[in-house]
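Here are my notes for you, set out as numbered points. Please keep the viewer open while you read.

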Amino acid sequence: MALKVEHEIHQRRKGRNVGVGLMLGMFVVLVLALTFTKITSGDFELPKANEIAQ
Amino acid sequence: MPGASYTVTSKETEASLGDYFALLKPRVMSLVIFTAFVGMLAAPISVHPVVGFASILFIAVGAGASGALNMWWDADMDAVMKRTAKRPIPAGKVQPGEALYLGAALSGMAVMMLALSSNLLAAGLLAFTIFFYAVIYTMWLKRSTSQNIVIGGAAGAFPPLIGWVVATGSMSIEGWLMFALIFIWTPPHFWALALFMRSDYDDAGVPMMTVTHGRPSTRRHILGYTIVLFILAVGTGFTSIGGPIYLLSAVILNMLFLKGAYDIWSRDENISETDNYAAERKFFKLSLLYLFLHFGAILAEALLRPWGLGGW
């Protein structure tokens, strides 16, 4: 059996890594969008200065 | 520990992303997404699209995680049954331990993220659903009682209620009615499957009702549950999530479903074997359509409501 530089297993592993990377990227975007939505919604209030100090 | 004791014999150990995705039971996830979405839209309080999308996604991930835990524990059983032998663990593509870690990690992530995106009650319900499916159903009931499907069905019934809680922050009768619709629908759906997939469950040693109580008793149970489902499904039509579209759909679908259950009850094994369980197979296919159309009708009522067309 000839030794191939790019074995099928490497391709599968690469596909898996790219997939996980894309999912993590999408998760980050989703958390950002969620955060933006929450802080721009009407019922969001920043904590008062004395509450932060405590 | 059945799952932990299962060893992968194949040399194929480099799984693709698709194999890990298959651990999450995508078809079950699609049903979870749909019913949770309907539960959320049927609620009287609207949800911001981003919050709604994120919440449904985390509910689906939680459901998928419980599916991975189920596959970890049931790997030995899955290897025996024709229907499940090609799942990633028995097929030798994924190690049982990987399924356990993936399921546990995604469960924790999904519950925490749902708490952040919606509310603690919805997250608590999701955590309970995962626990119920992975521990109560998979690890305990499935192998020990013929009522496995009846009680375990609750796990699949929670998503519309969670969707409702995401929107309202509380549980009300309408959310529980959607829960009950799936809860009562589950036993006849799986018992019909057990009637025509007889060797699968027997071989795996699953104490399905067909094995423990006999097939005539299973036929009677299917009819009994279908009668209860008829009353429940049609009754739901008179609540705030119902309306003319839902009521008409429910009456037609439940008449057909009751006819199918009656056909199953009125025949015996000899008749069923001559036509290769045609009535049981037809009932099973109808059950899939039944659930989809009921929730589709609830969705239609909810979508038409802003124009004054949906609901009563």
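1. A word on burial before anything else: a residue is buried if 20 or more other C-beta atoms lie within 10 Å of its own, exposed if 12 or fewer, and partly exposed in between, with C-beta atoms placed from the backbone. Is B:R27 buried or exposed? B:R27 has 9 other C-beta atoms within 10 Å, so this residue is exposed. B:R27 belongs to helix 3 of chain B, and its C-alpha atom is 9.7 Å from that of B:G64, a residue 37 positions away along the chain. Helices (H or I, at least four residues) and strands (E, at least two) are DSSP runs, numbered from the N terminus.

2. Please bear in mind that this is a predicted model, in which local features need pLDDT of at least 70, side-chain atom pairs count only at pLDDT 80 or more, and totals for chains, interfaces and linings use all residues. Residues are numbered from 1 along each chain as its sequence is written, while chains are lettered from A and ligands numbered from 1 in the order in which they are written.

3. On confidence: pLDDT is the predictor's confidence in each residue, from 0 to 100. Chain B averages 92, and 96% of its residues score at least 70. Among the elements of chain B, helix 13 (residues 244–266) has the highest mean pLDDT, 97, and helix 1 (residues 2–5) the lowest, 58. For the model, ipTM is 0.79 and pTM is 0.89.

4. Now the overall form of chain B, which has 15 helices and 0 strands. Its radius of gyration, taken over C-alpha atoms, is 20 Å, which agrees with the value near 20 Å for a compact globule of 312 residues (the globule rule is 2.2 Å times the number of residues to the power 0.38). Along the principal axes, the C-alpha atoms fill a box of roughly 60 × 50 × 30 Å. Buried residues make up 50% of chain B.

5. Chain B is divided into domain 1 (1–6 + 15–169) and domain 2 (172–312); such bounds come from an automatic or database domain assignment. The C-alpha centres of the two domains lie 22 Å apart. Their contact takes 28 residues from domain 1 and 27 from domain 2, where two residues are in contact if their C-beta atoms, placed from the backbone, lie within 7 Å. Which helix gives the largest share of the domain 1 side? Helix 8 of chain B does, with 13 residues.

6. The largest nonpolar core has 99 residues. By definition, such a core is a set of buried Ala, Val, Leu, Ile, Met, Phe, Trp, Tyr and Cys residues joined through C-beta atoms within 7 Å. Helix 9 (residues 173–196) of chain B gives the most to this core, 15 residues, and each of domain 1 and domain 2 of chain B supplies at least three. B:I59 is one of the five members that touch the most others. Beyond its neighbours within four places in sequence, B:I59 is in contact with residues including B:V32, B:L114 and B:P159.

7. Finally, chain A: this chain of 54 residues has 0% counted as buried, and its elements are 2 helices and 0 strands. Where the chains meet, 11 residues of chain A are in contact with 8 residues of chain B. Helix 4 (residues 49–73) of chain B brings the largest share of the chain B side, 3 residues.
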